[in-house]
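Biologist: Could you take me through one part of this model slowly? I'd like a close look at the helix you find best covered by its surroundings, and then whatever you can tell me about the aromatic side chains.

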Amino acid sequence: MNVIFHHLAQMTIMKTNAHVSASVESAGVISNPQPRQMRKGRGKTRGFLIQKKRKNNLNGKLEVIIPPDRTIAVGPGANNFVAELSVTVDQNAKHDVKTWKKVSDLAKERIVAHMLDAFEITDTQHTRETILHTANNLYRYRRSRLHDHFKKFATKEERLQNIPEDVTEVEWKFLVDYFDSDPFKRMSARNKINKAKQGINHICGRKSFGAISFEERDAITEKEPNFQKLWEKTHMKNSHCVNDATAELNSKFKKQKRVLMIWTLLLMRPL
């Protein structure tokens, strides 16, 4: 069952094949990128708390764990990692393109270089892929929030006049046209239908199942947590399922577990 759960958890995360060039220094990339030029509509640069934490460490780096079998940051430093990466993505990845894949390689190199400089992590291909994988999720989350802002206004004129924080006029004009395009509307309609079909809700917020599974595994044996206990932790509050769909699936799991136990006992009986 743990194998099945792990597979399902991995399926929820889009993998990236992005390869970060090793010529960061030759491209003039610095480890602490400066935010893009402030223009009308751009908010204040965030991340001061992380900068303060880095100054308090002798080497200016923060600790975080990136497991070799997961493209996520886990442990006590995971929140710092995501917070710093979120700011770095906002500073470097422009929104005048349709998707994360269209973001320039140079911008992605800057993001990776900064995270390698800010955290105690080994510069490996897996580490770089984890940084870009998480950056992709953060970029898409930010894009979703920008779409929510777009929907607040009825006309194109109103939308163009109400530029959200942290995007330039050029970026916002591109997004207004993109969000109003027929291809985007069709994609958005499909996503809305698919989202409505997801009746099984979890209670872990933005933290991934992979991160929770890692945190709950045995500290000595590193054995993955019991699937039933992990399910209850991520889908139940005070021993109660969060909705009827979750309760129905939880009941099925318990029935399957009882059937497996019965078959195990029968097979263990002497002939």
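**Helix 3 and the aromatic rings**

Modeller: Let's start with what helix 3 touches: its buried residues pack against helix 2 (48–56), helix 4 (105–118) and helix 5 (125–150). Bear in mind that this is a predicted model. Helix 3 is mostly covered, with 11 of its 15 residues buried. Among them are greasy-looking names such as Phe81, Leu85, Val87 and Val89, but Asn80, Glu84, Asp90, Gln91 and Asn92 are on the buried list too. The length of helix 3 (residues 78–92) works out as well: at 1.5 Å a residue its 15 residues should span 21 Å, and the end C-alpha atoms are 21 Å apart, so the two agree.

Now the rings. The structure holds 7 aromatic pairs. In one of them, the ring centres of Phe174 and Tyr178 are 6.2 Å apart with the planes at 20°, and an angle under 30 degrees counts as stacked, so this pair is stacked. Phe174 and Tyr178 are 4 residues apart in helix 7 (residues 169–179), which means about one helical turn separates them. As for cover, Tyr178 is buried, at 12% relative accessible area, while Phe174 counts as partly exposed at 26%. Another pair is Phe179 with Phe184: here the centres are 4.9 Å apart and the planes sit at 50°, so the pair is tilted. Both Phe179 and Phe184 are buried. These four rings belong with Phe150 in one aromatic cluster.

Phe150 also has a charged partner, as the charged end of Arg159 sits over the Phe150 ring, 3.9 Å from its centre. There's a similar arrangement at Tyr141, where the charged end of Arg145 sits over the ring, 4.8 Å from the centre.

One caution before you zoom in elsewhere. The mean pLDDT of the chain is 76, and 56% of the residues reach 70 or more. Over residues 1–39 the pLDDT is below 50, although the model gives this stretch 66 contacts beyond near neighbours in sequence. Residues 41–45 also stay under 50, with 17 contacts beyond four places in sequence. Where pLDDT is low, the predicted coordinates should not be read in detail.

Technical notes: Residues numbered from 1 in each chain as written. Predicted model: local features only at pLDDT ≥ 70, side-chain atom pairs only at ≥ 80, totals over all residues. Heavy atoms only, no water. pLDDT = per-residue confidence, 0-100. Contact = heavy atoms within 4.5 Å. Phe/Tyr/Trp six-rings, centres within 6.5 Å; stacked < 30°, edge-to-face > 60°. Helix = DSSP H or I, 4+ residues; strand = E, 2+ residues; numbered from the N terminus. Buried < 20%, exposed > 50% of the residue type's maximum accessible area, 1.4 Å probe, protein only. Lys NZ or Arg CZ within 6 Å of the ring centre and 35° of its normal. Expected span 1.5 Å × (residues − 1).
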